Amino acid sequence: MKIENRYADNKTGITILNQIVTEILHNFAKNDTYKIYDDLIPFLNYLQNDLKLTNNNLIVSSNADLKVTNLIMNEFKLNKFFDKNSIYLSYNLNLNKPNPKFFESIINNELMKHNSLHKNSTTTVGNLTKKDLIDGMWHIGDDYEKDILCCNSVGIKGILIDRKIKNPNYFKKFYDINKNLKFVKVSNLLTLKKLFKL
């Protein structure tokens, strides 16, 4: 006897478990299921306007699936901040955080993308090394294990956002044993201006 048969509706033959799954999937496919935090758009504008980062410099990396990601990107008009080739999902990579190979795959792809874009350049910008790329990367996430420990394991610095912290200006740096910055912890994305000092 299948476990779901215990919950079957004898009249329709549809299990309650199937109904629950269908309802969950239906709800997660709706626009009004999602929201973004008030600091996200101002922070992305800051990165593009003040730091002069382009949508090629900004990456989305998530364990979310393609349908949900596309819905969120379209609904909140986030596409203007991110190039479609700079969105990395576990769905496409067949890897999930906290597996370090998730970030290694992103690093390798970004390095290949950058160097192929600049392969005919006579300046050093076309000769980006893996170390140079990693040194300039930051990963923002809200899960210490999946985001911070995982990105740190491949050399990427992390930004841990903890929205439970009530102080909107909370900003703290954390270093490794050799006094190298490993990650910062913030309560609000806009406090990251202190990190980039621009």
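Of the 198 residues in the protein, 30% are buried. Buried means under 20% relative accessible area, exposed means over 50%, and partly exposed lies in between, with a 1.4 Å probe and protein chains only. This is a predicted model, in which local features need pLDDT of at least 70, side-chain atom pairs count only at pLDDT 80 or more, and totals for chains, interfaces and linings use all residues. Residues are numbered from 1 along each chain as its sequence is written, and side-chain values use heavy atoms, with hydrogens and water left out.

## Overall layout

The protein has eight helices and six strands. Helices (H or I, at least four residues) and strands (E, at least two) are DSSP runs, numbered from the N terminus. From that end, the order of elements is α-α-β-α-β-α-α-α-β-α-β-β-β-α.

About 12900 Å² of the protein is exposed, and carbon and sulfur atoms supply 53% of that area. Accessible areas come from the Shrake-Rupley method with a 1.4 Å probe; for residues, only the protein chains shown count as cover. Among contacts with a separation of 6 or more, 53% are between residues 24 or more positions apart. Contact means heavy atoms within 4.5 Å.

## The sheet

Four strands make an open sheet, in the order 3-4-6-5, with mixed pairing. Its edge strands are strand 3 (138–141) and strand 5 (171–175), each pairing on one side only. From one strand to the next, the twist averages 20 degrees. Two strands pair if DSSP finds at least two bridges between them.

Strand 4 (residues 157–161) runs parallel to strand 6 (residues 181–186), and four bridges pair them. Here I159 stands opposite V184 of strand 6. G158 is set opposite F183, also in strand 6. Strand 5 and strand 6 are antiparallel, joined by five bridges. F171 has V186 in strand 6 as its bridge partner.

## Helix 7 against the sheet

Helix 7 (residues 144–152) packs on the sheet and touches strand 3, strand 4 and strand 6. Its direction makes about 165 degrees with that of strand 4. Axes are lines fitted to C-alpha atoms, for helices over the stretch in contact, and angles run from 0 to 180 degrees between N-to-C directions.

I148 sits in helix 7. I148 has a relative accessible area of 0%, so it is buried. Leaving out residues up to four places away in sequence, I148 touches D143, G158, I159, L160 and F183. The C-alpha atoms of I148 and I159 are 7.1 Å apart, although eleven residues separate the two along the chain.

## Two nonpolar cores

A nonpolar core is a set of buried Ala, Val, Leu, Ile, Met, Phe, Trp, Tyr and Cys residues joined through side-chain atoms within 4.5 Å. In soluble globular proteins, nonpolar side chains tend to be buried together.

The largest core holds 18 residues, and F43, L44, L47, F82, I159 and L192 touch the most other members. Helix 2 (40–49), strand 4 and strand 6 each give two or more residues to this core. Helix 2 supplies the largest share, four residues. F43 touches I140, L189, L190 and L192, again not counting residues up to four places away in sequence. Another core, of 15 residues, lies apart from the largest one; Y88, F103, I106 and M137 are among its members.

## Helix 3 and local backbone features

Helix 3 (residues 66–75) has buried residues V68, T69, L71 and M73. At its start, a side-chain oxygen of D65 comes within 3.3 Å of the backbone nitrogen of K67.

Two lysines have positive phi values. The table sets them side by side.

| Residue | Phi | Place | Relative accessibility |
|---|---|---|---|
| K77 | near 55 degrees | loop between helix 3 and strand 2 (87–89) | 60%, exposed |
| K179 | near 65 degrees | loop between strand 5 and strand 6 | 70%, exposed |

K77 comes just after helix 3. K179 belongs to the hairpin of strand 5 and strand 6, with five residues between the strands.

One more backbone feature is a cis peptide bond, which joins K97 and P98 with omega of about 15 degrees. P98 lies in the loop between helix 4 (90–93) and helix 5 (100–117).

Notes: A polar contact is a pair of N or O atoms within 3.5 Å; within protein, one must be able to donate a hydrogen and the other to accept it, and residues adjacent in sequence count only if both atoms are side-chain atoms.
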